[in-house]
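User: I have a model open and want to go through some of its local features. Take the questions one at a time, please.

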Amino acid sequence: MSLERSSFMIQMLNMKEIRSHTGLRGWAAIIVVLVHFRSFIHPSIDPDEMTSFLSKGYLWVDFFFILSGFVMSYIYRIEHPKPRAFCEITHYLIARFARIYPLHLISLVAVFLFFFLAALINWDWESKFCCVFDDSLRSAEALIANLFLVHAWGMFDWVTWNLPSWSLSAELFCYLIFAALLAIDGKDRKLVLVVLSFVVLFYYSFSMATNSDVDENFRLSAVRAASAFLIGIVLFLMRRLISSIPDHYLTYIQIEASITLLLALHFGITDVISIGLMALIVLVTWEDRGALCKLLTTRPLYTAGLFSFSIYMWHYLIKFIAQNDWEYYTGLSLQSSAMGSMLFVACLLVLVIPISVWSYRFLEMPARKWIIVRFNSLIEVKYATKHA
């Protein structure tokens, strides 16, 4: 490995973790789980009749994209004026692939096996083999697109197979844009960012003008993700604006932004305003200063942030299996009583935690490390052979 590339890798490894952002990921993951589990709650206590907070919960996925853009810019030093070498960009792409694809593939296989086993159990000799594929969510074409992680790139009208994985497909789209930014020099990079900023402004202006939610048109998922991701990059470039703000003033800003965001979500105000407030929270917490940062770095939220990817990827399959098995074996509706529905939701939340911890420790992290070590070793061997 050359001295320049070695220095680049060492600097990345020595980057200080933004612990508040890890806590924010944990908070966002928990809210997304509650958003999906709310369908189990009895109609008499339907939260959507009291608040729009959960019905607007899809915006926390946009929050993930904003965080991702900021963190990628922080780790890979988007401000660096020189274009990255091909080998450096390859290392970046390997790291991003290792981050999202293994757990995506494992969860996709798990979903496929679940429906395959359901088809075997429900085998009917008088009809065709059923239950594995259906035209709306689980087509063969969608399965192939899921395998290549491109199923949110405008080819389908809605989510398919393991439903949360659409955001990984959109995230991959963002990773490729970021790789292109790293490949060009600082002057041209700024010009491209300006052009992309106008695209983002047009996207959000169109959303406001048509009074539409950002999740209404699934075919624009990649544009939606890239817009939020770019906000994260821009936030990183302007991050030093808050460096001179004293801690107590920063605390006031954090509290005001958080309260305003909660109110915006509660009253269902247009999505663009909520996204702007989420962006502000990302900006004012990046230095791990202020009261909100102390809350976000507490052990429960920080730990949830570490496990957030596994929580996100497994919770919907857990919900689906639990719903079908409960009603099949008991014959009772999940919404037969208010107390029963709340208890069921609580049990599902408790179930998600150990499954996610196990997934993080024995699937997500080992697979990520194996891919990074194996693929980077192959790259270095080829590079050394070429320049021998």
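User: Which exposed residues sit on the face of helix 12 turned away from its buried side?

Analyst: This is a predicted model. Helix 12 spans residues 299–306, with L301, Y302, A304 and G305 buried. Those four lie on the same side of the helix because they cover an arc of only 160° around the axis. The face turned away from that buried side carries the exposed residues R299 and P300.

User: Which helix gives the largest share of the nonpolar surface patch?

Analyst: The patch covers about 530 Å². I255, I259, L263, F267, I269 and I273 make it up. Four residues, the largest share, come from helix 9.

User: Where is I269, and is I269 buried, partly exposed or exposed?

Analyst: I269 is one of the patch residues. Its place is in the loop between helix 9 and helix 10 (271–284). The relative accessibility of I269 is 36%, and the range in between runs from 20% to 50%. I269 therefore counts as partly exposed.

User: Which helix gives the most residues to the largest nonpolar core?

Analyst: That core has 109 residues. W60, I66, W166, F178 and Y204 have the most contacts inside it. With 12 residues, the top contributor is helix 3 (residues 59–75).

User: Leaving aside neighbours within four places in sequence, which residues are in contact with Y204?

Analyst: Y204 is among the core residues with the most contacts inside the core. Its sequence neighbours within four places are left aside here. The contacts of Y204 are then V214, R224, S227, A228, I231, V272 and I275.

User: Is N146 buried or exposed?

Analyst: N146 has its place in helix 5. Beyond four places in sequence, N146 is in contact with H104, L108, H151, T160, W161 and S165. Buried means under 20% relative accessible area. At 0% relative accessibility, N146 counts as buried.

User: How does G154 count by accessibility: buried, partly exposed or exposed?

Analyst: G154 is found in the loop between helix 5 (140–147) and helix 6 (166–182). Its relative accessibility is 26%, and buried would need a value under 20%. G154 therefore counts as partly exposed.

User: What distance separates the C-alpha atoms of G154 and A170?

Analyst: G154 belongs to the loop between helix 5 and helix 6. Along the chain, G154 and A170 are 16 residues apart. Their C-alpha atoms are separated by 9.9 Å.

Key. Residues numbered from 1 in each chain as written. Predicted model: local features only at pLDDT ≥ 70, side-chain atom pairs only at ≥ 80, totals over all residues. Heavy atoms only, no water. Helix = DSSP H or I, 4+ residues; strand = E, 2+ residues; numbered from the N terminus. Buried < 20%, exposed > 50% of the residue type's maximum accessible area, 1.4 Å probe, protein only. Arc of directions from axis to C-beta. Patch = residues over 30% accessible without salt bridge, like charges linked within 9 Å, V, L, I, M, F, W, Y side chains within 5 Å. Areas by Shrake-Rupley, 256 points an atom, 1.4 Å probe, with all protein chains shown as cover. Salt bridge = Lys/Arg side-chain N within 4 Å of Asp/Glu carboxyl O. Core = buried A, V, L, I, M, F, W, Y, C linked by side-chain atoms within 4.5 Å. Contact = heavy atoms within 4.5 Å.
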